[in-house]
Amino acid sequence: MSFVFRRFGYYLMAFWVAATVNFFLPRLMPGDPVAMMFAHSSDRLSPDNIAALRKTFGFVDGPLPLQYLAYLRSVLTGDLGLSIKFYPAPVTTVLGHALVWTLLLVGVSTLLSFLIGSLIGARAAWRRDGVFDLIATTWGVIANAVPAVVLAMLILFCFGISLRLLPTGYAYDTALDPAWSFAFVGSVIAHAVMPVAALSIVLTGGFLINMRNNIINLIGDDYLVMAEAKGLSERKILIGYGLRNALLPTVTNLAITIGQVFAGSLVTEVVFNYPGVGNTLYVAILARDYPLIQGQLIVMTAAMLAANFIADLSYVLIDPRLRRA
């Protein structure tokens, strides 16, 4: 348990540092963000109106320490102000809606790529220097090197625009009412196929190479030789002994990958006009919606740290040595 508490304290400290940087960074930049937001209408707004808008959107006047305390209070209470682009919706409401779609996209992509990449990598290592190993390794290197945005645009052009097999934008058919119906769920799946494929193909390469290298390092260990001498089947040795012991470094790679997937999903969502946090951030930047941008960075940081913390907890379940520590 001490391991879990130490890791929780570490991630809590990392969140506080990220939140502090998120507060000071825009304030160290030249110019007044409020003046920039309302520059196009400043000649029609009185100073009293601008002051009222500053208060409405959560901008606090006064010394920097007081602003910082007010900011920390808003982060801890979840009151991130109102969105300018989607006024009068609160920032938390806008981000909550977007985060659902991003978690769906990132979760499915990561799970698929982790399972497929790990199984192919283990099989390739077991059949090292064979035809399967050559094809799988080549595929893994190429997939790992191709940027997600390039693959996303290629898939969009081939299957969405040229062949017209799949819908090219948004998360579902807007003519349907969101509900647990076959029509709506089918529409969500159809709209998610291309963005999930773009992210999964890129991620599979990394997991494949990582698992292949881990298994190769284990081949020849005494317990594997003993298992083979006992007459166990190849599948049982590979899955029950090799894959299980090679999983811990791959879980480490999974924790790192989750952060990369969040970053990679930003561009993918923009390409497919998918209504996740990446596309919302793009819209917020175009609209100079500073409350939404600031709140979005907080939510993304919290989501990535939470994902890494869950990966750390999985170490305890996989490695018995940590449970005894």
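This report walks through a predicted model of one protein chain, from its overall make-up to a few of its details.

## The chain as a whole

Let's start with the broad picture. The protein chain has 14 helices and 0 strands, and its pattern along the sequence reads α-α-α-α-α-α-α-α-α-α-α-α-α-α. Of its 325 residues, 40% are buried. The chain exposes about 18100 Å², and carbon and sulfur atoms supply 69% of that area. Contacts often bring together distant stretches of sequence: among those between residues at least 6 apart, 75% join residues at least 24 apart.

## Aromatic rings

Next come the aromatic side chains. A search of the whole structure turns up 8 aromatic pairs. In one of them, the ring centres of Tyr-11 and Phe-309 are 6.0 Å apart with the planes at 75°; because an angle over 60 degrees counts as edge-to-face, this pair falls in that class. The two partners come from distant parts of the chain, 298 residues apart: Tyr-11 sits in helix H1 (residues 2-28) and Phe-309 in helix H13 (residues 290-318). Both Tyr-11 and Phe-309 are buried.

Another edge-to-face pair is formed by Tyr-170 and Tyr-172, with 5.3 Å from centre to centre and 65° between the planes. Are these two tyrosines buried or partly exposed? Tyr-170 has 26% relative accessibility and counts as partly exposed, while Tyr-172, at 12%, counts as buried. Both also belong to a cluster in which ring pairs link Trp-101, Tyr-170, Tyr-172, Phe-184 and Tyr-274.

## Two helices that cross

Now for a look at helix packing. Helix H5 (residues 91-126) and helix H10 (residues 234-245) pack at an angle of about 115°, and their axes are 11 Å apart. The crossing of H5 past H10 is right-handed. On the H5 side, the contact is made by Ser-118, Leu-119, Ala-122, Arg-123 and Trp-126, and on the H10 side by Glu-234, Ile-237, Leu-238 and Leu-243. Sorted by class, this contact of H5 with H10 has 6 nonpolar, 1 polar and 2 charged residues.

## Around helices H11 and H12

Val-267 lies in helix H11 (residues 247-271). This valine is partly exposed, with a relative accessibility of 39%. Val-150 is 117 residues away from Val-267 along the chain, yet their C-alpha atoms are separated by 9.9 Å.

The loop between H11 and H12 holds Asn-273. Helix H12 itself (residues 277-286) has several buried residues: Val-277, Gly-278, Asn-279, Thr-280, Leu-281 and Ala-284. Just after H12 comes Arg-288, which takes a positive phi.

## Residues with positive phi

Which residue with a positive phi is found in the loop between helix H7 (148-162) and helix H8 (182-218)? That residue is Arg-164, which is not a glycine. The table sets Arg-164 beside Asn-273, another residue other than glycine with a positive phi.

| Residue | Phi | Place | Relative accessibility |
|---|---|---|---|
| Arg-164 | about 55° | loop between H7 and H8 | 69%, exposed |
| Asn-273 | near 50° | loop between H11 and H12 | 39%, partly exposed |

The two loop residues fall into separate accessibility classes: Arg-164 is exposed because its 69% lies over the 50% cut-off, whereas Asn-273, at 39%, counts as partly exposed.

Definitions and conventions: Residues numbered from 1 in each chain as written. Predicted model: local features only at pLDDT ≥ 70, side-chain atom pairs only at ≥ 80, totals over all residues. Heavy atoms only, no water. Phe/Tyr/Trp six-rings, centres within 6.5 Å; stacked < 30°, edge-to-face > 60°. Helix = DSSP H or I, 4+ residues; strand = E, 2+ residues; numbered from the N terminus. Buried < 20%, exposed > 50% of the residue type's maximum accessible area, 1.4 Å probe, protein only. Axes fitted to C-alpha atoms, helices over the stretch in contact; angles between N-to-C directions. Left-handed = near helix turned anticlockwise from the far one by under 90°. Contact = heavy atoms within 4.5 Å. Nonpolar A, V, L, I, M, F, W, Y, C, P; charged D, E, K, R; others polar. Areas by Shrake-Rupley, 256 points an atom, 1.4 Å probe, with all protein chains shown as cover.
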